[in-house]
Amino acid sequence: MRGRRTLGWVFALLAGTALGVSLLVLIVLIVITTLQTGPITSMRAVSGAGISLSLRSMDVPGTRDSLAYVTIAQVEGGSPAAGLGISRGDALIEVAGVAVDRPGRAWDAVGEAAGGREVTLPVVWMPRSEVTLGTLRATSTGGGPRVLISTPSAAAQAAGLLTGDLLVTAAGIPITGTRQAWEALVVAARTQGTPIELTLEREGERQVLLWNPSLQAELPFLRDPLRAWWTFLTTLNEPRYPERAGLLPAFAGSVYVVLVMAVVAFPLGIAGAVYLEEYAPTNLMTRIIEVLVANLAGTPSAVVGIIGLEVFARALGAGRSILAGGLTLSILILPMLIVAAREALRAVPQTLREAALAVGATRWETVRHHVLPYALSGILTGTILSFSRALGDGASLLLLGAFLFVTYVPQGLGDSFTIVPLQIFEWATRPQDGFAAVAAAAILILVTLLLVLNAVAIVLRNRFQRRWLG
Amino acid sequence: MREHEALPVLSTRAFSLWYGVHQALIEVNLDIAERQVTAIIGPSGCGKSTLIRAFNRLNDLIPGVRTSGEIVFRGERIYGRGVDPVNVRRYIGMVFQKPNPFPKSVFENVAFGLRINGFRGNLAERVKLALDKAALWDEVKDDLHRKTGYDLSGGQQQRLCIARALAVNPEVLLMDEPCSALDPTATAKIEDLIRELASSVTVAIVTHNMQQAARVSDFTAFMLLGELVEFGPTREIFTRPTDSRTEAYITGRFG
């Protein structure tokens with residue numbers, strides 16, 4: 001007796017420690033991931049500054065190096081960036097002392113900046129050549145391609161540039177087209193503070209001018225992580241820029257598919273479990289069904305996906321729709337649901353059934369009034385656990401042919417859709433830095449959702465134990 | 001003598017029962033007299049619980065149960081073709097070894113049988129009546145809806161189960177070792193109750209406590225290894241047993 005009690009103690013201690021340690025590791029992992037996740041910062045920057053960036057690269061003339069630089073892909077009207085005169089096509093050179101050679105760097109700078117909800121960062125940007133020097137025109141006077149200043153800007157006029165000047169070199173880089181002129185200015189702008197040396201040809205004579213344009217501006221960045229998460233969760237998806245990626249279509253798709261699955265699988269699963277546990281005669285047929293259910297519960301979800309593709313999408317003509325997705329997931333979780341519900345029903349004491357039957361209740365009245373209410377918490381626990389499995393499952397719907405990338409929220413049962421795990425997969429396979437971070441953010445949201453669901457299951461189970469067994 | 005005037009309300013005729021290949025009852029012939037207390041005694045595994053559960057067909061729940069012979073209740077064969085066990089249980093109530101109240105309020109515990117049997121009338125009155133008969137009313141009248149069956153003490157729970165069984169006005173009340181999970185005080189209360197009940201309902205009680213059988217019953221049946229060894233008025237069984245095995249058991253030589 002004493003030995004058995006000690007054994008139970010040791011088991012409880014081991015299990016408790018294992019559970020505690022794994023929870024702790026999970027929390028640490030989540031915190032680390034959160035701290036390292038980029039898109040939160042980048043989205044914050046977008047919502048604060050009103051710009052999106054895209055990566056460009058060019059070969060540095062005269063060398064074998066190539067130079068990556070970042071241009072402004074989009075400026076939101078009325079944003080701080082628009083107010084500073086930053087416009088589409090400008091190059092972003094430096095943010096708060098951090099050289100911007102990929103989009104993530106700009107947001108790294110925001111992340112490193114100290115301060116409260118709003119931070120103002122000095123931005124060095126290189127306006128387009130037309131704006132800086134004025135309007136440039138490519139010509140081919142004198143045999144070769146030349147760049148002509150057709151309308152010098154105010155800054156250029158102040159430095160002594162005139163209409164009709166030919167630009168020969170900028171910062172030592174020979175200029176053979178407007179694009180080179182632009183790139184030369186980008187290169188030059190990396191060494192801020194040093195005036196740029198321009199070689200001009202004016203009326204046949206070469207002249208050297210020093211030009212020091214002021215390219216600095218202050219750009220406020222909002223720092224509001226909650227809003228960033230919320231924005232991420234509630235915006236439509238955009239395929240090109242990680243800063244504008246949104247989880248809404250995939251999230252809505254997941255919710256709709258799981259809802260369809262719940263409507264189909266929950267009643268079927270409970271009914272199946274009640275039948276097997278309370279009604280089925282003990283014969284060969286029942287035993288075969290039991291074995292089948294138990295085996296199906298372990299079926300790989302990819303196999304279930306193939307079944308869904310052949311049966312629902314093709315044979316029944318549901319296509320790659322939410323309906324087909326929900327039905328496929330139903331197949332995936334139905335056996336799990338039945339097994340879990342049967343466990344809950346088996347935990348109902350036989351004496352309770354006998355008590356009801358002994359006052360003349362029928363089998364159904366016994367189940368309806370006593371067995372089901374008693375087992376309900378256990379059934380719900382199993383249900384939620386299998387739902388969270390379905391929510392996190394990607395393989396089955398991948399094989400069904402669900403889309404990886406969807407930019408709209410599905411409107412009906414017949415609409416095509418994507419789900420969060422597949423959207424994560426799609427983002428994670430993109431080469432750009434930003435999308436890896438977006439994928440990480442989506443993973444965090446998914447994991448949080450699953451943890452919440454499992455917590456609900458645990459609360460339900462505890463309530464059940466207190467209410468009936470306490 | 002009172003015992004000899006009683007008419008049988010429930011009688012078994014060469015009743016045998018098998019659990020799969022194991023025969024648990026062997027050709028039992030027993031008459032349970034109306035408004036009398038009949039005790040079934042015997043050592044563990046002698047089939048006394050199986051017999052009492054055969055009276056309201058609760059053994060039907062166990063897979064692989066087979067029967068032969070008859071049990072006749074008011075002239076009807078309860079194992080006959082087309083007999084609904086639900087109907088049988090409506091007239092033959094049962095109280096179990098371990099108190100098994102529903103995890104619902106005291107009121108709902110008693111009212112359940114009435115509700116499912118389509119009772120139309122004053123439910124509260126019938127519940128009070130049943131609780132009164134089970135000598136529980138005074139203890140729970142203030143908490144009818146507030147307390148669940150699980151909030152009561154063990155003895156109270158068992159009396160609640162008795163009230164639940166009595167609420168539908170059964171003709172026979174089967175009791176399967178109703179006091180085995182209770183302390184002596186609670187046991188004494190239940191025993192008094194059984195004596196009182198005998199004026200309005202037929203009681204069959206299984207017990208492994210011979211003193212209890214002697215105290216509460218009018219008739220006693222002694223069973224051994226699935227067979228009914230001896231059956232007769234309690235006083236005779238305990239004072240002048242005709243079978244040597246009965247004598248050996250009641251004098252404590254085995255069991």
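**View 1. Helix α13 of chain A and its buried residues.** In this predicted model, A:R353, A:A355, A:A356, A:L357 and A:A358 are the ones to look for in α13(A), residues 350-358: each of these is buried. What do they pack against? Part of the answer is in chain A itself, namely α14 (363-392), and the rest comes from chain B, with α3, β6 and α7. Step just past the end of α13(A) and you reach A:G360, whose phi is positive, at about 95°.

**View 2. Where chain B meets chain A.** Here we zoom in on the contact between the chains: 16 residues on the chain A side, 20 on the chain B side. Which elements of chain B supply at least two residues each to its side? They are α3 (85-91), β6, α4 (106-116) and α7. Sorted by class, the chain B side comes out as 11 nonpolar residues, five polar and four charged. Three of these elements should look familiar from the previous view, as α3, β6 and α7 of chain B also pack against the buried residues of α13(A).

**View 3. The six-stranded sheet of chain B.** Follow the strands across and you read β6-β7-β8-β3-β9-β10, an open sheet with mixed pairing. β6 (92-95) and β10 (227-233) of chain B are the edge strands; each has a single partner, so one side of each is left without a neighbour in the sheet. Going from one strand to the next, the twist averages 20°. β6(B) has turned up before: this edge strand is also among the elements supplying the side of chain B that touches chain A.

**View 4. Inside that sheet, with two helices on it.** β3(B), residues 37-41, and β8(B), residues 202-206, run parallel and are joined by four bridges. Which residue of β8(B) is the bridge partner of B:V37? Look for B:V203. Helix α2 of chain B (48-55) lies across β3, β6, β7 (172-176), β8 and β9 (219-224), and runs at about 150° to β8(B). Helix α7 of chain B (154-167) packs on the sheet too, touching β6 and β7, with its direction at about 175° to that of β6(B).

**View 5. The four-stranded sheet of chain B.** This one is an open, antiparallel sheet, ordered β2-β1-β4-β5. At its edges stand β2 (22-33) and β5 (76-77) of chain B, and since each has a single partner strand, one side of each has no neighbour in the sheet. β4(B), residues 65-73, is held to β5(B) by two bridges, and the two strands run antiparallel. Pick out B:V72 and you will find B:R77 of β5(B) standing opposite.

**View 6. Helix α16 of chain A, mostly covered.** How many of the nine residues of α16(A), 420-428, are buried? Seven: A:V420, A:P421, A:L422, A:Q423, A:I424, A:E426 and A:W427. For context, 40% of the 470 residues of chain A count as buried, and the chain has 17 helices and 12 strands. Among its contacts with a separation of 6 or more, 67% link residues 24 or more positions apart.

**View 7. A stretch of chain A to treat with care.** Over residues 36-47 of chain A, pLDDT stays under 50, although the model has 45 contacts there beyond four places in sequence. Where pLDDT is low, the predicted coordinates should not be read in detail. Across chain A as a whole, mean pLDDT is 78, with 81% of the residues at 70 or more.

Terms used. Residues are numbered from 1 along each chain as its sequence is written. Chains are lettered from A and ligands numbered from 1 in the order in which they are written. This is a predicted model: local features need pLDDT of at least 70, side-chain atom pairs count only at pLDDT 80 or more; totals for chains, interfaces and linings use all residues. Two strands pair if DSSP finds at least two bridges between them. Axes are lines fitted to C-alpha atoms, for helices over the stretch in contact, and angles run from 0 to 180 degrees between N-to-C directions. Two residues are in contact if their C-beta atoms, placed from the backbone, lie within 7 Å. A residue is buried if 20 or more other C-beta atoms lie within 10 Å of its own, exposed if 12 or fewer, and partly exposed in between; C-beta atoms are placed from the backbone. Ala, Val, Leu, Ile, Met, Phe, Trp, Tyr, Cys and Pro count as nonpolar, Asp, Glu, Lys and Arg as charged, and the others, Gly among them, as polar. pLDDT is the predictor's confidence in each residue, from 0 to 100.
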